Amino acid sequence: MTRGSGRPRRTVPTRRNTELVLVLAAVLTAVYGYAEVGVNIDGTVPADAAEYGAALGVLALLAHAAVRWKAPYADPLLLPIGVLLNGIGLVVIYRLDRATGGGAAPTQLLWSTLGVGLFIAVVLLLRDHKRLQRYAYIGALVALVLLVLPVFFPPVYGSRIWITIGPLSFQPGEFAKILLAVFFAAYLAVHRDALALTGRRVLGFQLPRGRVLGPVLLIWAAFVGVLVLETDLGTSLLFFGLFVVMLYVATARSGWIAIGLFLAAVAAVGVGRLSPHVHSRVADWLDPLGSIAAGRGANQIAQSLFAFAWGGELGTGLGNGHSVLIGFAAKSDFILATIGEELGLTGLMAVLLLYALLVSRGFRTGIALRDPFGRLLAIGLAAIVGLQVFVVAGGVLDLIPLTGMTLPFVAQGGSSVVTNWIIVALLVRMSDLARRPAEAA
């Protein structure tokens, strides 16, 4: 009972036991998939299946313990979804290793360990997300430097998005997207009223004053300009979509979506005409089977479509597909084709629904937060995951031109999996504050 009110105090369940059960179920699902790969290829369970399950289980339980200790009211679905997607990625990468003779799965597990370690660090050390608002402009400058650095390194598969030092390589753009989301959230939280209520009306759209929109537009243009020079169309599209989504959320004006789509179309046409690398991808998108008719064999898009078609509704089973024929990108963006072939339409839709659930819980966290910065940051971080999945899935399914991004948590890429664990940690921290009752706060 609250003092002097006579009414029962509102209680909010922490749902930590629910989270624990879901985390254990995610680990067991990943271990089952790992065992299935060995059974289908070798006829027996892999000898290191117990070690793999123990490693993934320890990481998941440590992350759960950190959430239970420091964020007891956090959303109970965020961590299990991250564990399950990461586990699925490790299984599929291991399956592709068996076909190619590579050793990417152990390396990916090490990167996942680093990602979970940073997840725990964020949950333990970041008590209030509003502290990030103080460093928004510094973060934007650091992000721009991170994006410029790959220009001085050799291109990889036609794009300058990698920094390679000896055997170590990573994509700094993966970390830049979090810093850019923090900057957009901080700036738009302060100037949202000026953006929404002031300015001139042009062709039915209320445009804000240049001195208000100018700084954030300049930052966005600098980022996109650098990415165009690096021929990184996927990250350019991601940053542009993030900018439009957060501007729409801050102003509640649907006209920004129309303007954003128009500018994106103009930029895409221009880059497609000027860049041979992008132009070839547009040509493959328009005619994915054209290389077969020309006698050059099936290209990556054609092989991907064949893999989806061969998978049918239930798939061929882990280890029984032929998506490795896609080539060098089978473990990055085209890893979705392996999922579609070996887990079928059912497994593919399950993975996409996991992403949809993760994004929706992020949006729900943003709506529940009262401070404008936190609301914009949570929605922006969730939008990053959603936009990246759309760009990757759209390219692999030939709905949009291929862009060469990594599928969050699932695809091979150390910087990608680390960044996505940081995103989930920030959402966990903010959801704890959003769900925490007043007396607990």
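Let me begin with a term: a residue is called buried when its relative accessible area is under 20%. What we have on the screen is a predicted model, and I would ask you to keep that in mind for everything that follows.

With that cut-off in hand, let us go to helix α13, where I335, L336, A337, T338, I339, G340, E341 and E342 are buried. Since 8 of the 8 residues of this helix, which runs over residues 335-342, are buried, α13 is largely enclosed by the rest of the structure. What do the buried residues of α13 pack against? Their partners are α3, at 78-100, and α12, at 300-311, together with α14, at 344-368, and α15, at 372-396. Just after α13 comes G344, whose phi is positive, at about 75°.

To take one residue from this helix, T338 has its place in α13, and because its relative accessibility is 1%, T338 counts as buried. If we leave aside the neighbours of T338 within four places in sequence, the residues in contact with it are V92, R95, L96, S323, A330 and L343.

Let me step back to the chain as a whole, whose secondary structure comes to 16 helices and 4 strands. Of its 441 residues, 51% are buried, and the accessible surface comes to about 20000 Å², with 67% of that belonging to carbon and sulfur atoms. As for contacts in the chain with a separation of 6 or more, 73% of them are between residues 24 or more positions apart.

I turn now to internal space. The structure holds 3 cavities of 30 Å³ or more, and I will speak about the second largest cavity, in which about 60 Å³ of space lies. Which elements give two or more residues to the lining of this second largest cavity? They are α2, at 49-70, α3, and α4, at 104-125, and of these α2 gives the most, with 4 residues. Residue by residue, the lining consists of L56, L59, A60, A63, V83, N86, L90, S112, V116 and W421. Sorted by class, that makes 8 nonpolar and 2 polar residues, with no charged residues in the lining of the second largest cavity.

Staying with helix α4, we find A105 there, and because its relative accessibility is 11%, A105 counts as buried. Not counting residues up to four places away in sequence, A105 touches L90, I93, Y94 and D97, and L90 is also one of the residues that line the second largest cavity. The C-alpha atoms of A105 and V91 are separated by 7.9 Å, with the two residues 14 apart along the chain.

My last topic is the aromatic rings, of which the structure holds 8 pairs. In the pair formed by F183 and F184, the ring centres are 5.9 Å apart and the planes stand at 45°, so the pair is tilted; for that class, the angle must fall neither under 30 degrees, which would count as stacked, nor over 60, which would count as edge-to-face. Are these two residues buried or exposed? F183 counts as buried because its relative accessibility is 1%, and F184, with a relative accessible area of 1%, is buried as well. Both belong to one aromatic cluster, formed by Y137, F183, F184, Y187 and F243.

Definitions and conventions:
Residues are numbered from 1 along each chain as its sequence is written. This is a predicted model: local features need pLDDT of at least 70, side-chain atom pairs count only at pLDDT 80 or more; totals for chains, interfaces and linings use all residues. Side-chain values use heavy atoms; hydrogens and water are left out. Buried means under 20% relative accessible area, exposed over 50%, partly exposed in between (1.4 Å probe, protein chains only). Contact means heavy atoms within 4.5 Å. Accessible areas come from the Shrake-Rupley method with a 1.4 Å probe; for residues, only the protein chains shown count as cover. On a 1 Å grid over the protein atoms alone, a cavity is a set of points where a 1.4 Å probe fits but cannot get out, and a pocket is an open set with protein on both sides within 12 Å along at least five of seven lines; lining residues have an atom within 4 Å of a point. Grid points are joined across faces, edges and corners, and a volume is the space filled by probe spheres set on the points. Ala, Val, Leu, Ile, Met, Phe, Trp, Tyr, Cys and Pro count as nonpolar, Asp, Glu, Lys and Arg as charged, and the others, Gly among them, as polar. Rings of Phe, Tyr and Trp (its six-membered ring) pair if their centres lie within 6.5 Å; planes under 30 degrees apart count as stacked, over 60 as edge-to-face and the rest as tilted.
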